[in-house]
Amino acid sequence: MSPTPGLEARGRTGTAPLLLTRGLRKHFPLRGGVLQRVQAWVRAVDDVTFDVKPGETLGIVGESGCGKSTLARLILRLVEPDAGSVWFDGEDVRRALPGRMKRLRRDMQLVFQDPYASLNPRLTIEAAVAFSLLVHGVGRAEARDKARALLGRVGLDPRLYGRRYPHELSGGQRQRVNIARALVLDPKLLLLDEPVSALDKSVQAQVLNLLQGLKTERALTYVFISHDLNVIEYVSDRVLVMYLGQVVETGTAEALAEAPKHPYTQALFASAPSMDPDRRMERPPIAGDPPNPIDPPSGCRFRTRCAFAMPKCAEVPPPPVTVAPSHDVACYLYEPATVPA
Amino acid sequence: MWRYVGRRLVLAIPTLLGASIIVFAMVHLAPGDPIAAVMPVDASKEQVEAVKKAYGFDQPLPVQYLKWLGRVVTGDLGKSIATRRAVILDVRDALANSLVLAASSSLMAFVAGIALGLLAAFRQGRALDKIASGIAVIGVSVPHYWAGIILIIIFSVQLNWLPAMGAASDGGVVDYARHMALPTIALALIPLGVIARVVRSAALDVLAQEFVLALRAKGLAHRRVFTHVVKNAAPQTITVLGLQFGFQLGGSVLVEAVFSWPGTGYLLNLAIFQRDIPVLQGVILVLATFFVLLNLLVDVLQTFIDPRIARH
Amino acid sequence: MSVVALPQEVSTVAGAPMSYWRTVAWRLARDRATLVAGAILLLIAVSALLAPWIAPHDPNAGSIRLRLAPIGGATHPLGTDEQGRDMLSRLLWGGRMTLVAGLTPVVVAFLVGTVLGVIAGYAGGLTNTLVMRTMDVFYAFPAVLLAIAISGALGPGLPNTLISLSIVFIPRVVRVAESATVQVKGLEFVAAARASGAGVWPILRHHLLANILGPVLVFASTQVSLSIILAAGLSFLGLGVTPPAAEWGLMLNTLRQSIYVNAIVPALPGLAIFVTSMAFNLVSDGLRDAMEIRS
Ligand SMILES: Nc1ncnc2c1ncn2[C@@H]1O[C@H](COP(=O)(O)OP(=O)(O)OP(=O)(O)O)[C@@H](O)[C@H]1O
Ligand SMILES: [Mg+2]
């Protein structure tokens, strides 16, 4: 790996990525026994590498527990990775000192998964949004005004809602507050961890439209995490499919929808209740429960549920191969295509 | 399950060691020279030194502690400064009396507490519930030493039914029981209140379950509802009872003082007045050990009743 | 154990926005038992505070000729004690002592215990193990025994009572504060604050303390009743306030010998302890319900 992956990636794609990760890994210890020794490791995120170009929306999709939230937290260094690196805007995030880290956190923000736990019940929503600004040394009055303006932009009239407490809001309204809180620092990158999963279908559409509007308005880059393929297809330019802490396939939203390569991706698309009747039930749905991230299968982690599993799948994890321009699959079924440079 | 039991046993050891350090430190918390209490006022310097040496007070503290601990685990709690008797003997006799009292008051609290709690739960919101809950609040609020005095005033002074002081020295079982009656009641008040509260809320939880509601709605199966409630409230009740039994042992100090009941509390009281530190240490150490082991027992029992706890 | 209640849906007055604390106050105002108990507490506290001005007699002046006068007399409405001192005046003055001796340890334990518990809970790891295992050791003793052991070693006197009772209550507060801290620390809004670049102090102040102080305070309030009973109990054993000062437990002790002469007067100091402790219990119960804290 070259010392500055940013430059390397620029050489290949033309524009420098805003965010890139290389070999990110996080294993959580499971402790037990009399002496609280480590008994097993939860391999939440294992060797995850991807790029996000400025202005695009990268969708990350995968089953519950496959490490999506952990990945988001690793990128923001809310959880320290065990290995690998994160580069944001050409800067090594893992090497950033506290002062620099604080600055970096203005530029990358996260909208959390749980709209109920992600707001402090003792702060009014106005105060919750203004808090980030106060932390960064903005004066009280200015912070308040900015917070109120942004609340208005996400569709919560500050005169009506500003002084309310989170428990007085609906799930959709809370998620709007979360979005306002993330945007108040004017970030370049917004990580959205299942921002609409907890919401009703009709509210989902409203929030998704709001997010689309904000994106163009503020020239944002999104990393959009969801387990819902329909949502992912709707919002993403490119999609990354995760399975038990690993990336199994990346490609443009169209490529994945039309020609998914990895058996897991195929199964995902097949089992998702699609809007398109032609595509329904083309492939068999995934058999069995997802294996445990505590003791993932050797080699390819999907092989225990895979209809095409071969002996060699159990040995070495398949490396990603490029099957088409910006379409990578980690599966032994595919040979690298000769991609024109 | 057994691993959990083993784990709890191992975890009790540092707790006990910590407790022993606290008890050991008591000598050094005491104002003045611990020797001063033992020696006549006009003792010569050499005499003082000799006694210091005999008690090991001339050595560094950690050494003193380890030596003391070594003796303690073999059951040697030292000699009483006041009576010169081995502390372990005094503590043993007193503990027997205290255990009897703790057992009888726990039994009383258990029976009355459960009855009160169930009554309150089955009559939720009605007058009987309010009365039962009231008694429970009174139970946990009343200073039991004062309750003891009130009992003496009523049953000994006014009615002259029961003796006010001491344990029967040679009067036989009936006399012993008569002496025990009042301290038992006084000591039962707190756990009674606590148990009644626990039973009431546990029973209410069960009664709120849907199929119990259905059973009750049919107006049938009173007995089935009742057994179900009792079965489900049992684990919590047993836990509370076990813990309360421990509190009874330690908490009886004040009640024993009121009734001059010759238990550990009385001994402790005596030791405090005579500034008899070895006895003070001995009593507290024995009671703390008892308490820790009892907690352990409760925990273990609970895992047998409800195995989910071990996995937690 | 779920210590921290995150209010989900709260019935608000006419849909107006209502802060958590206003909701709590609103609920308390509707809880009659708590209000009555609170009023009794207020009465006890105010009369104890005003003892120097409202006590009819010198609490320490008495004459042997007036020993154990019955209650209902014109000059001594609550009778006199075994030394002929006015009971009403002594009860008023004694309330000061008992309240100080009972409340101070809980306040100290609340302050020290919250700090220790938050540090242990927020730091986690070795710090947590060290603090919490040390606290566990104190749980090897039933409260009464621990108080008597420490007081017994330190000797009598009000300061020693305060020290020993503080030691009894600190570990309890630490446990509650620690578990509340761990619980709140794991919630996403704390992670969100960190993601905004907030350092330890702003997070502790605005996010952690704001959410745990309520439950810890309520827990501390449930301990006041026990603390008062123990403080008076230590005096009752001769380990607390020293004579001739008036203190309820001490008064109960010295009057105890006189029950054969006068059955009512010796019961009064204990009654005062009982009423105070029960009022504290009722108020803390009401507070707990109003704040939706389950134990
Ligand atoms: N702090 C932690 N300690 C131990 N294990 C953890 C921790 N955080 C996450 N895990 C484990 O790591 C795995 C991945 O969790 P993660 O929350 O990242 O999944 P997810 O893809 O976001 O799932 P969901 O769709 O349910 O949100 C899970 O098995 C989870 O139990
Ligand atoms: Mg998640």
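1. In which helix of chain C is the place of C:L42? The residue lies in α2 of that chain. The model is a predicted one, and the points below should be read with that in mind.

2. C:L42 has a relative accessible area of 56% and is therefore exposed, the cut-off for that class being over 50%.

3. C:L42 also belongs to a nonpolar patch on the surface, together with C:V46, C:L49, C:L50, C:W53 and C:I54. The area of this patch is about 650 Å².

4. Two helices of chain C, α2 (32–49) and α3 (51–54), each provide at least two residues of the nonpolar patch. The largest share comes from α2(C), which gives three residues.

5. Turning to the interface of chains B and C, 46 residues on the chain B side are in contact with 39 residues of chain C. The size of an interface is often expressed as the accessible area lost when the parts come together. Here chain B and chain C bury about 3600 Å² between them. Carbon and sulfur atoms account for 79% of that buried area.

6. One salt bridge is counted between chain B and chain C. Its partners are the side chains of B:R197 and C:D285, with an N to O distance of 3.0 Å. Six residue pairs are found in polar contact across the interface of these two chains, both residues of each pair being at pLDDT 80 or more.

7. On chain B, the side touching chain C draws at least two residues from each of several helices: α1 (2–29), α5 (127–141), α6 (144–158), α9 (222–259), α10 (264–273) and α11 (277–305).

Conventions:
Residues are numbered from 1 along each chain as its sequence is written. Chains are lettered from A and ligands numbered from 1 in the order in which they are written. This is a predicted model: local features need pLDDT of at least 70, side-chain atom pairs count only at pLDDT 80 or more; totals for chains, interfaces and linings use all residues. Side-chain values use heavy atoms; hydrogens and water are left out. Patches are made of residues with over 30% relative accessible area and no salt bridge: like charges are joined within 9 Å, nonpolar side chains (Val, Leu, Ile, Met, Phe, Trp, Tyr) within 5 Å. Accessible areas come from the Shrake-Rupley method with a 1.4 Å probe; for residues, only the protein chains shown count as cover. A salt bridge is a side-chain nitrogen of Lys or Arg within 4 Å of a carboxyl oxygen of Asp or Glu. Helices (H or I, at least four residues) and strands (E, at least two) are DSSP runs, numbered from the N terminus. Buried means under 20% relative accessible area, exposed over 50%, partly exposed in between (1.4 Å probe, protein chains only). Contact means heavy atoms within 4.5 Å. Buried area is the accessible area (1.4 Å probe) that two parts lose on being put together, summed over both. A polar contact is a pair of N or O atoms within 3.5 Å; within protein, one must be able to donate a hydrogen and the other to accept it, and residues adjacent in sequence count only if both atoms are side-chain atoms.
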